[in-house]
Amino acid sequence: MVAPGTPDGARSAQAGRAPSGTGVSQPEPADPSAPLLRLRGIGKHFGPVQALTGIDLDIPAGQVTALVGDNGAGKTTLIKCIAGIWAPTDGQMLWNGRPVHLHSPRDATALGIATVYQDLALCDNLDIVQNMMLGHEPLRYGLLDEVTMELTAKQTLADLAVTTVRSVRQLVGSLSGGQRQSVAVAKAVMAEARLVVMDEPTAALGVSQTELVLSLITQLTSRGHGVIVISHNLNDVFDVADRIAVLYLGRLAAVGPVADFDRQSIVDLMTTGASTRTGNGSGSEPDPYRGFSANAEG
Ligand SMILES: Nc1ncnc2c1ncn2[C@@H]1O[C@H](COP(=O)(O)OP(=O)(O)OP(=O)(O)O)[C@@H](O)[C@H]1O
Ligand SMILES: [Mg+2]
């Protein structure tokens, strides 16, 4: 839900949602220069366990932000805050420059935030079309408009250059891991997600399926969607990320454009929270939102 008194995008985005297609109808941002999502001072504790502390992070549209960190660093907790599953115990979230308070995943969905899990959120016993349209099926004369559903699903997959699916009438239970990811992402795109959050999308995938998912992520950003991807795989991170954010023991150890990092600096940051190798000097571009910074907050 949205903070009282803030004429925020949650409701208006929902109201403007088209039943199908990948067009996006979002209200004008409060501040056009603001990133899609801005986190300020986000903290989350579970009883005595302080999972996140003072997270300041900007997520721009049209870019992939890779979220990396060791086991227990707080990655999943952070995206669960962004997905409306956990309410942060401290800090503020701004969507297009407007303060928002998410009380449920439904609130995040209404804003245009979709979280994609590899094995969740798809129904194995339904086909691809039924899964993609679930919850916003078009009707014609009071009946499901199967023709429009199928055409829309096919078009969305084609727009995202997903070509490995043989039939959109295939049951999702029979798809490979990479194909399932593709369907889940296409579903998020159809639901007009502006920000797609992926937790370990390639963890269980083979080489060619990983390629499929990485190219899908690139497609998303070229269409203007913001993407947050959690990955333990530094190959994937360097393949696909525009920006990297490193969490260490619940704090943001560093964030900046990918060119500011190399493998060793990421490993250092993940394992000790600091690195002496601040940048590899390979033509790093200025970050419009925030430069590389060893984070000394909190
Ligand atoms: N529901 C919960 N109750 C209590 N503690 C939790 C809960 N969820 C997470 N934590 C704690 O918060 C910290 C961060 O966990 P989180 O799952 O966010 O880590 P992660 O970076 O996603 O790790 P991994 O790479 O292993 O998935 C851990 O110390 C974890 O034990
Ligand atoms: Mg996790």
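# Exercises on a predicted model

The buried residues of α7 are Thr210, Leu212, Val213, Leu214, Leu216, Ile217 and Leu220; buried means that 20 or more other C-beta atoms, placed from the backbone, lie within 10 Å of a residue's own. Helices (H or I, at least four residues) and strands (E, at least two) are DSSP runs, numbered from the N terminus. This is a predicted model: local features need pLDDT of at least 70, side-chain atom pairs count only at pLDDT 80 or more, and totals for chains, interfaces and linings use all residues. Residues are numbered from 1 along each chain as its sequence is written, with chains lettered from A and ligands numbered from 1 in the order in which they are written.

**Exercise 1. Find what the buried residues of α7 pack against.**

Step 1. Locate α7: residues 207-222, 16 in number.
Step 2. List the partners of its buried residues: β3 (64-69), α6 (177-190), β9 (195-199), β10 (226-230) and α8 (234-240). Contact here means C-beta atoms, placed from the backbone, within 7 Å.
Step 3. Look past the helix. Gly224 follows α7 and has a positive phi, near 95°.

**Exercise 2. Place strand β11 among its neighbours, and explain why it is largely enclosed.**

Step 1. Count the buried residues. In β11 (residues 243-248), 6 of the 6 residues are buried, so the rest of the structure largely encloses this strand.
Step 2. Sort the directions. Arg243, Ala245 and Leu247 point one way; Ile244, Val246 and Tyr248 point the other way. In a regular strand, side chains alternate between the two faces of the sheet.
Step 3. Find the parallel partner. β3 pairs with β11 over 5 bridges; strands pair if DSSP finds at least two bridges between them. Ala66 has Ile244 as its bridge partner in β11.
Step 4. Find the antiparallel partner. β12 (residues 251-257) is joined to β11 by 6 bridges. Ile244 has Gly256 as its bridge partner in β12.
Step 5. Inspect the turn. The β11-β12 hairpin has 2 residues between its strands, and Leu249 in the turn has a positive phi of about 45°.

**Exercise 3. Order the 4 strands of the open sheet and identify its edges.**

Step 1. Read the order: β2-β1-β4-β5, with antiparallel pairing.
Step 2. Find the edges. β2 (49-59) and β5 (98-100) each have a single partner strand, so one side of each lacks a neighbour in the sheet.
Step 3. Check one pair. 5 bridges join β1 (residues 37-46) to β4 (residues 90-95). Leu37 stands opposite Trp95 in β4.

How values were computed: Buried ≥ 20, exposed ≤ 12 C-beta atoms within 10 Å, placed from the backbone. Contact = placed C-beta atoms within 7 Å.
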